[in-house]
Amino acid sequence: MKKKQIPVENTTDQRKLKGQATREKLVIEAIRLFGQLGYKATNTRALADAAQCNLGLITFHFGGKQGLYEAAIERVKRRLIEMLGPSIDNLTTLEQSDLQAKELFKALTEEINTLAIKFIGMEQVAGYALLLLQDINEKNSDGVSGYKEVFMPLIQNIEKIINKATNNANPMRARLSAFLIINATLGFLRDYPIFYPKTHNNTIEQPSISYLMNLLSQHLVGEYSAYFK
């Protein structure tokens, strides 16, 4: 009995799809492992094992460990920039509004609250932020960090709002406040699973985020209360 021949194009398509799936697995595991361990402590064998693929495929798809690292950073940058886009637009509109100081701070914290609640429901966000923070800590020699590119527009918008509310009374203070707000929020999102196990997420997830935002709001009101009079 004659064997049925599989068309060459079908075989090629299957190989292509398999290759794409392997590449995707490697990027996902790279984000996780580089974020947890850092670039230097993560070896290619661990990356290949995590993605359940042959070690040589890292070189085949990315040219080596550095290429995979850059692909992971680029993925994180692209996804976070997409997620932050609407909030940055809202903050830009807020900065151009006619709201007075206290109302500006209230609207600002509400916007960050909304963003944080959105992020906490997306498990990968903590890993994304962790990878960028790891890269800053290690000061990767090839300088592919995306932290500044991702979060600086958000920080700058918050800084502008604070400066508007305070009539540019202390630009350095406004910049530091904006930086602290974003980093406090990111730190909470990163560490959230440690303090609030998944079994409790349904009952305390949003109130916990809101409580953090209220603390930040109280900080802003206290720090800048002189401008409300």
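A contact here means heavy atoms within 4.5 Å, and the model we're looking at is predicted.

Q: Among contacts between residues at least 6 apart in sequence, what share join residues at least 24 apart?
A: Start with contacts in the protein whose two residues sit at least 6 apart in sequence. Then keep those joining residues at least 24 apart, and the share is 71%.

Q: How many helices and how many strands are there in the protein?
A: Walk along from the N terminus and the elements run α-α-α-α-α-α-α-α-α. So by DSSP runs, the tally is nine helices and zero strands.

Q: Which helix gives the largest share of the largest nonpolar core?
A: That core has 56 residues, and Leu68, Leu80, Phe151 and Ile158 touch the most other members. The largest share, 12 residues, comes from helix 4 (residues 65-95).

Q: Is Gln52 buried or exposed?
A: Gln52 is in the loop between helix 2 and helix 3 (56-62), and its phi is positive, near 55°. Its relative accessible area is 70%. The cut-off for exposed is over 50%, so Gln52 counts as exposed.

Q: Where is Asn168?
A: Asn168 isn't a glycine, yet its phi is positive, near 55°. Look for Asn168 in the loop between helix 7 (147-165) and helix 8 (171-195).

Q: In which helix is confidence lowest?
A: The mean pLDDT of the protein is 81, with 77% of residues at 70 or more. Where pLDDT is low, the predicted coordinates should not be read in detail. Confidence is highest in helix 2 (residues 44-51), at a mean of 96, and lowest, at 65, in helix 9 (residues 201-223).

Definitions and conventions: Residues numbered from 1 in each chain as written. Predicted model: local features only at pLDDT ≥ 70, side-chain atom pairs only at ≥ 80, totals over all residues. Heavy atoms only, no water. Core = buried A, V, L, I, M, F, W, Y, C linked by side-chain atoms within 4.5 Å. Buried < 20%, exposed > 50% of the residue type's maximum accessible area, 1.4 Å probe, protein only. Helix = DSSP H or I, 4+ residues; strand = E, 2+ residues; numbered from the N terminus. pLDDT = per-residue confidence, 0-100.
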